[in-house]
Amino acid sequence: MSSTTTGVDIDLDLLRDHLVSIALRAGRMITDARPSTSSSNTKKNSADLVTETDQAVEAFISSELRTLYPGFSFMGEETYQPGQKLGPEPTFVVDPIDGTTNFVHRFPYVSVSLGFAIDRTPSVGVVYNPFTGRLYTGVKGKGSFVFDVPAGHPQERRQPPSRDQGTKLPTKELTALGGLDECVVAIEFGSDRSGRNWKTKTDTWARLGRSKEDGGAMVHSARALGSAALNLCGVAEGVLDAYWEGGCWAWDVCAGWVILTEAGGVIVDGNPSGRFDIPVTHRKYLAVKGAKDGEGQKELVKEFWSHIEGEMVYEH
């Protein structure tokens, strides 16, 4: 149970089960849909897509949550209004399809991302990829887990899996972290492809990949997979070592934030500011996987910061 500033006690485990059930049914809506670029439109430019399925899935999720928790607030990507703020009240923070471009192109790195925040702090997270059946969950203070939902099952009838049916994260044994030259780093183009932020991203990417003899970090490699939520889950698992991003919103990261931090990972400022404590609404993020006794995490963060060329600027 968790006590909130509103004086309401919330059973976070039960809430997690509700979110899993909703995510599985939303996933079925996504896999049953047949999107095409002709049925999509853009929010800002040709790289920022929204489909009818995004809107339908969010409407379904919102309706289900309002029925179950009528007194809670809701922040969703498709219904967000400029100026809307994440407040201290219990709030669902939702991205119905994280990875819409992948969804349109039928690249199976797509997720339903359902987060829940109390006092603006991510407290429950559920991320589900309906194409692979990979389901991630996290509850603040109670760990995070990954499950495989068998393909072909009528997901809308399935019971939420219990913890003993899953694998506790991270799936790889924790060790001390080395340097960036031992890391696979997730990065993303994003939809903002001009100006200061784009220059910071491209200059930093170049430096991360450049040889050490030429002043670079020479990371093992970089991955641009197209879903912030799944990237955070990959760092939580330990299959990705770090994820650097600017331009995401709270609904992109809230659920994955819980899953990663409960797996021992950290999320810090994506700019080289020295800030290790940032809000979920910060929009500039660097996520680093867990380490045995935290050894090497701060050093890896500081090394990454040393290779950032410039500074990202995004309005909250």
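## Aspartate 95 and its surroundings

Let's start with one residue: aspartate 95 sits in strand S6, which covers residues 91-98. Keep in mind that what you're looking at is a predicted model.

Is aspartate 95 buried or exposed? Its relative accessible area is 1%, and buried means under 20%, so aspartate 95 counts as buried. Leaving aside residues up to four places away in sequence, aspartate 95 touches Glu77, Ser111, Val112, Ser113, Trp251 and Asp252.

## The binding site in the record

Aspartate 95 also turns up in UniProt. An unreviewed entry there lists Glu77, Asp95, Ile97, Asp98 and Asp252 under "binding site". These residues are spread over 176 residues of sequence, yet they cluster in space, with a largest C-alpha distance of 9.5 Å.

Two of the listed residues may look familiar: Glu77 and Asp252 are among the contacts of aspartate 95 mentioned above. If you want to find this spot in the 3D view, strand S6 is a handy place to begin, as aspartate 95 is found there.

## A closed space inside

Now for the empty spaces. How many cavities of 30 Å³ or more does a search of the whole structure find? The search turns up one. The largest cavity has a volume of about 30 Å³.

Its lining is made up of Arg16, Thr137, Gly138, Val139, Gly143, Phe145 and Arg163. Strand S9 (residues 134-139) gives the largest share of that lining, with three residues. Sorted by character, the residues lining the largest cavity come out as two nonpolar, three polar and two charged.

## An open pocket

There are pockets to look at as well. The second largest pocket has a volume of about 230 Å³. It is lined by 14 residues, and those closest to its centre are Gln84, Lys85, Leu86, Thr281 and His316.

What kinds of residues line the second largest pocket? Eight are nonpolar, three are polar and three are charged.

## Cysteines

Last, a quick look at the cysteines. A disulfide needs a pair of cysteine sulfur atoms within 2.5 Å, and by this rule the count comes to zero disulfides.

Two cysteines are worth finding in the view. Cysteine 183 has a relative accessibility of 5%, which is under the 20% cut-off, so cysteine 183 counts as buried. Cysteine 248 has a relative accessible area of 6%, and therefore cysteine 248 is buried too.

Methods. Residues are numbered from 1 along each chain as its sequence is written. This is a predicted model: local features need pLDDT of at least 70, side-chain atom pairs count only at pLDDT 80 or more; totals for chains, interfaces and linings use all residues. Side-chain values use heavy atoms; hydrogens and water are left out. Buried means under 20% relative accessible area, exposed over 50%, partly exposed in between (1.4 Å probe, protein chains only). On a 1 Å grid over the protein atoms alone, a cavity is a set of points where a 1.4 Å probe fits but cannot get out, and a pocket is an open set with protein on both sides within 12 Å along at least five of seven lines; lining residues have an atom within 4 Å of a point. Grid points are joined across faces, edges and corners, and a volume is the space filled by probe spheres set on the points. Helices (H or I, at least four residues) and strands (E, at least two) are DSSP runs, numbered from the N terminus. Ala, Val, Leu, Ile, Met, Phe, Trp, Tyr, Cys and Pro count as nonpolar, Asp, Glu, Lys and Arg as charged, and the others, Gly among them, as polar. UniProt positions are given in the numbering used here, feature names are shortened, and annotations may be inferred rather than shown by experiment. Contact means heavy atoms within 4.5 Å.
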